[in-house]
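These notebook entries follow one protein chain from its surface to its strands. I begin with the outside.

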Amino acid sequence: MNQETAKYIMQRMSKYLDNQEAFNYGALKEFGRRDDHFEEDEQIISRETIERSIDNGEAYRIMLEGRIVGGVIITVDGEKGDLDILFTSPKEHSKGVGYAAWCEVEKLHPEVKVWETVTPYFEQRNIHFYVNRCGFHIVEFYNSHHPDPNDPDIAGQLDEQFPDGMFRFEKRL
């Protein structure tokens, strides 16, 4: 994807439903319908979680050739940035869309020196994307024996929804 296309890729996000297809894709591919890794109504991330992220951060649509193909939600506090959600339609996987969107996020916030994000242990596509494409490093593994010290309330949810844990990633610029 060239620079001109990347400039037009992001637009303010107003809805959340299309991300469910992207997040459910990974969970259903790994677990099928037999598992219960969903927050509500067979959604890997609940509407409440998404709305809270949108309300507390910056939300953008990822556009490609006039079509909505994904979204990004970030939170920035000075030199620290959190990538809360980044998703692309499964139909657009492996086409450079997510990477181009991430590059635009970094350009939007050159003041950020450290970006963080998390992903479930089973999301191999995400792990590859963050580590091999975007330059993040795995710095911690949250699980029932090592919950997130910054969010101790999530420990119970982690055990229920992702009993095998979540990876935390950092990218230092």
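Entry 1, surface. I looked up the exposed area of the protein chain and found about 9700 Å², of which carbon and sulfur atoms supply 47%. Accessible areas come from the Shrake-Rupley method with a 1.4 Å probe, and for residues only the protein chains shown count as cover. I note that this is a predicted model, in which local features need pLDDT of at least 70, side-chain atom pairs count only at pLDDT 80 or more, and totals for chains, interfaces and linings use all residues. Residues are numbered from 1 along each chain as its sequence is written, and side-chain values use heavy atoms, with hydrogens and water left out.

Entry 2, interior. I recorded that 47% of the 173 residues are buried (under 20% relative accessible area, 1.4 Å probe, protein chains only).

Entry 3, secondary structure. I listed six helices and seven strands, where helices (H or I, at least four residues) and strands (E, at least two) are DSSP runs numbered from the N terminus. Along the sequence I read the pattern α-β-α-α-β-β-β-α-β-α-β-α-β.

Entry 4, strand pairs. Strands pair if DSSP finds at least two bridges between them. I found strand β3 (residues 67-77) running antiparallel to strand β4 (residues 80-88), with eight bridges. Within this pair, Ile73 stands opposite Ile85 in β4. Two residues lie between the strands of this hairpin, where Gly78 takes a positive phi near 65°. On β4 I also found three bridges to strand β5 (residues 114-120), which runs parallel to β4; here Gly81 stands opposite Trp115 in β5.

Definitions and conventions
Buried < 20%, exposed > 50% of the residue type's maximum accessible area, 1.4 Å probe, protein only.
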